[in-house]
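Open your viewer and get ready to click along. We will start with the whole chain and then select a few places.

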Amino acid sequence: MSTPADHALAQAVKPLVDAMGGVLLAPGEAREDDVILSWEGEEVVAVRLPQLADSLEHILAALERQHGKPLAELDRKTKQSVVRTLEARGAFSVRHGVETVAGALGVSRFTVYNYLNRENAAKNG
């Protein structure tokens, strides 16, 4: 007997779910706030999405893996690039997002705001 994770739909969405920090579940295990994916009228798999704060931690961990070292060890230019990436992904709409990012980058909140302001000035200038 195959499991929901073996279904082609589940296999197709797994990289996206993993990138978001979500979890694939059997439809019967779904809670009210989970997303159930159906294929040809059959419930195939449920997706449990992380809380926003957990998503930010997941994004920061993925960026560390991408850069091959802790974000605090990156040079200033790369940290600015990370802040641009995080802004594009909505990291600063999460409560305490700036503080969380500042901690991960090993800089002050003021520095993160400076990076954001510099980027916004460049866009509008």
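The tour goes from the overall fold to a helix and then to a surface patch.

This is a predicted model, where local features need pLDDT of at least 70, side-chain atom pairs count only at pLDDT 80 or more, and totals for chains, interfaces and linings use all residues. Residues are numbered from 1 along each chain as its sequence is written, and side-chain values use heavy atoms, leaving out hydrogens and water.

**Whole chain.** Colour by secondary structure: you should find five helices and three strands (DSSP runs, H or I of at least four residues for helices and E of at least two for strands, numbered from the N terminus). Their order along the sequence is α-β-β-β-α-α-α-α. Now show the C-alpha trace, which spans about 55 × 30 × 25 Å along its principal axes. Of the 125 residues, 28% count as buried (under 20% relative accessible area, with exposed over 50% and partly exposed in between; 1.4 Å probe, protein chains only).

**Helix α4.** Next, select residues 97-105. Which residues of α4 are buried? They are G97, V98, V101, A102, A104 and L105. These residues lie on the same side of α4, because they cover an arc of only 165° around the axis (taken from the directions from the helix axis to the C-beta atoms). Step just past α4 to G106, which has a positive phi of about 70°.

**Loop and surface.** Finally, pick L49, in the loop between β3 (42-48) and α2 (52-67). L49 counts as partly exposed because its relative accessibility is 42%.
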